[in-house]
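Work through the exercises below with the structure open beside you, and try each task before reading its solution.

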Amino acid sequence: MNIALLNDLDREALRGSLLFSTMTDVNLSSVVAPGGVVELKRSEYLFEQGERAENLFLILNGWAQITRDEVDGSHTLVEAFHKGDCLAEAPALLGRAYPASCQAMTDLRALAVNGAMLLDLMQDNRSVLTHSLATLFKKLHGLVDDVEWLKSRTIRERLVKFLLEQSDHVKDGQEFALPFSKSLIAAKIGTSPQQLSRTFLELREHGVRTRGQTAMIKDRLVLRALIRKQ
């Protein structure tokens, strides 16, 4: 697939990603998997746990969740990803099985990149190799930092951080969309749906309102002050 044929919003996501931001269009076009852009409806799977990982994916638009199937039949939410995030780099580059499943939480567009072809490019191009390794290290370090942050924070602080991240494109007092259901928000911040509901009620005193899949923050500075500085 010729990367130049992507629309402006897709190219914005591509250039905003850590892994692909410094690659030339020629290099990118050489590693895009057959079919290029994958489009899914909500609840459809991008890949499933145990499948051989041929491709990694860059989210162009929408939200996706990574879940693991447990031996008791339950599903554990690992993380949620959105525009500009890359998924399954390690298994695709190593030719292993996907260790978890990826499901669309909203309508989703993703760019499929062939792991074997990307590995060949990395072996032939030292600058691509160096940048890719640095990107993977930075992502791993970021995940460790996220875990440490969650462990040291209250449920209220976790929810405040989530709401501030989702509302950074709107002004105080304007409604914004919650990207997925409140049960998934609870899983993402490491709490129960019941505790999440109680925390939302608590935040009403600080100018937070919710209605269905939308929320509003009266004053973001007031809300931000609820997060303890370290």
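**Exercise 1: the cysteines**

C86 counts as buried, because its relative accessibility is 8%, where buried means under 20% relative accessible area, exposed over 50% and partly exposed in between (1.4 Å probe, protein chains only). The model is a predicted one, in which local features need pLDDT of at least 70 and side-chain atom pairs count only at pLDDT 80 or more, while totals for chains, interfaces and linings use all residues. Residues are numbered from 1 along each chain as its sequence is written, and side-chain values use heavy atoms, with hydrogens and water left out.

Task: find how many disulfides there are, and explain the result for C102.

Solution. Begin with the criterion, which is a pair of cysteine sulfur atoms within 2.5 Å; by this rule the count is 0 disulfides. C86 is in no disulfide, and the nearest cysteine sulfur, that of C102, is 12 Å away. Turning to C102, its closest cysteine sulfur is in C86, and because the separation is 12 Å, it is too far for a bond. C102 itself counts as buried, since its relative accessibility is 0%.

**Exercise 2: a bridge between distant parts**

Task: determine where the two partners of the salt bridge between E12 and K83 lie in the chain.

Solution. A salt bridge requires a side-chain nitrogen of Lys or Arg within 4 Å of a carboxyl oxygen of Asp or Glu, and a search of the whole structure finds 11 of them. In one, the side chains of E12 and K83 meet at 3.4 Å, N to O. E12 lies in helix α1 (residues 8–16) and K83 in the loop between β5 (75–81) and β6 (86–87), so that the pair links distant parts of the chain, 71 residues apart, with helices (H or I, at least four residues) and strands (E, at least two) taken as DSSP runs numbered from the N terminus. For exposure, E12 is partly exposed at 48%, and K83 is partly exposed at 32%.

**Exercise 3: the bridges of E157**

Task: is E157 buried or exposed, and which parts does its bridge with R228 tie together?

Solution. With a relative accessibility of 2%, E157 counts as buried, and R153 is buried as well. The side chains of E157 and R153 form a salt bridge at 3.1 Å, N to O, while those of R228 and E157 meet at 2.9 Å, N to O. Because R228 lies in the segment after α9 (220–224) and E157 in helix α6 (residues 155–166), the pair ties together parts 71 residues apart in sequence. R228, at 44% relative accessibility, counts as partly exposed.
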